[in-house]
Amino acid sequence: MKKINDLFFRLAEFTLVIMLSAMVIMVFGNVVLRYGFNDGIISSEELSRFLFIWITFLGAIVTMRENGHLGLDSIVRKLSLNGKKVAFAVSNVLMLGCCVLMFYGTYKQHNINASTHSAVTEIPMSWVYGVGYITSVAMGLMIVGKLVRLAKGEFNEADLIQVQDSEEVITVHSSEATK
C-alpha cells in the first residue's frame, strides 16, 4: 500500500512539474509573440488559467501529505497529550467534512460544467473543475488514514501537531545547517 501511495504522490509531483512547465512555456511564448511579432496564441491564456487551477489543487494534495499547509500551533502546543489528541481529531474531522463538501459541490456542478464549454478551446468545464473530485478524495483518504492511526495510537505527541510556525521551521533549518 505504501508503494502505491508513494507512486501516486510521485505521479502528482511529476504532473505538477509538467503542468507548470507547459504554463510557463505558453505564457512566455505568448509574450514573445505579442511583443516581437504583434501576434499571439489565443488559447494559451485560457489553457494557462486552467493549468493554474489544476496546479493549485494538486499542489494542495502534495502539500497536505508533507504537512506544509499554513496553520497556527501555539494553542495546541500548550495542551496536554489528551488535549492534543482531541484537537487533532476535531481538526481532522472538520477537514474531512470540508472534503465531503468539496466532493458534493463538484458533483452537484458536474452536469452544468459538462454542458458548459470554455470560450476559446471549447473544453467542457467539467474537465477543468473535475479536479475537485481528485482533491477531495485524495485529501479525504489521507485524513481518514490519520484518524485511523490516531485511533490505533500510532501517533507520538510531536505527530499530533500538524503544522509548524514559520519561525520554528527557520530555527530548525538554521540549527541543522550549523551541524
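Setting aside neighbours within four places in sequence, S44 is in contact with M26 and N30. S44 belongs to helix α2, while M26 and N30 are among the buried residues of α1. In this predicted model, S44 itself counts as buried because its relative accessible area of 3% falls under the 20% cut-off. A further spatial relation links S44 to V120: the two are 76 residues apart in sequence, and their C-alpha atoms lie 9.4 Å from one another.

The helix that supplies these two contacts, α1, spans residues 2-37. Its 36 residues should cover 52 Å at 1.5 Å a residue, and the end C-alpha atoms, 51 Å apart, agree with that expectation. Buried positions occur along α1 at D6, F9, A12, L16, M19, M23, M26 and N30. The cover over these buried residues includes α2 and α6.

Two of the aromatic residues deserve a closer look. The structure holds three aromatic pairs, one of which is formed by F8 and F9. A pair of aromatic rings is described by the distance of the centres and the angle of the planes. For F8 and F9, the centres are 5.2 Å apart and the planes make an angle of 85 degrees. The pair is edge-to-face because an angle over 60 degrees is placed in that class. The two partners also fall into separate accessibility classes: F8 is partly exposed, with a relative accessible area of 35%, whereas F9 is buried, at 3%.

Helix lengths can be followed further along the chain. Helix α2 comprises residues 42-65, and for these 24 residues a span of 34 Å is expected at 1.5 Å a residue. The end C-alpha atoms of α2 are 36 Å apart, which agrees. Helix α6 covers residues 131-152. With 22 residues, α6 reaches 32 Å from its first C-alpha to its last, close to the 32 Å expected at 1.5 Å a residue.

Backbone angles after these helices are worth a moment, too. Most residues other than glycine have a negative phi, and most peptide bonds are trans. Just after α1, N38 takes a positive phi of about 55 degrees, although N38 is not a glycine. N38 sits in the loop between α1 and α2 and is exposed, because its relative accessibility of 74% is over the 50% cut-off. Helix α2 is followed in turn by N67, with a positive phi near 50 degrees. After α6 comes G153, where phi is positive and near 80 degrees. E122, which is not a glycine either, has a positive phi of about 60 degrees. The place of E122 is in the loop that joins α4 to α5 (125-129), and at 54% relative accessibility this residue counts as exposed.

Helix α4 carries two residues that contrast in their surroundings. K84 lies in α4 and is buried, with a relative accessible area of 6%. Apart from its neighbours within four places in sequence, K84 is in contact with V76, R77, L79, E157, L160 and I161. Y104 is also found in α4, which runs over residues 81-115. With a relative accessible area of 48%, Y104 is partly exposed because this value lies between the 20% and 50% cut-offs. The C-alpha atom of Y104 is separated by 9.2 Å from that of S136, 32 residues away along the chain.

Helix α4 appears again at the second largest pocket, which holds about 450 Å³ of space. There are 26 residues in the lining of this pocket, and those closest to its centre are L70, S91, M95, Q162 and V163. The elements that give two or more residues to the lining are α2, α4 and α6. The largest share, eight residues, comes from α4. By class, the lining of the second largest pocket has 16 nonpolar, seven polar and three charged residues.

How values were computed: Residues numbered from 1 in each chain as written. Predicted model: local features only at pLDDT ≥ 70, side-chain atom pairs only at ≥ 80, totals over all residues. Heavy atoms only, no water. Helix = DSSP H or I, 4+ residues; strand = E, 2+ residues; numbered from the N terminus. Buried < 20%, exposed > 50% of the residue type's maximum accessible area, 1.4 Å probe, protein only. Phe/Tyr/Trp six-rings, centres within 6.5 Å; stacked < 30°, edge-to-face > 60°. Expected span 1.5 Å × (residues − 1). 1 Å grid on protein atoms, 1.4 Å probe; cavity = no way out; pocket = protein on both sides within 12 Å on 5 of 7 lines; lining within 4 Å. Points joined across faces, edges and corners; volume = space filled by probe spheres on them. Nonpolar A, V, L, I, M, F, W, Y, C, P; charged D, E, K, R; others polar. Contact = heavy atoms within 4.5 Å.
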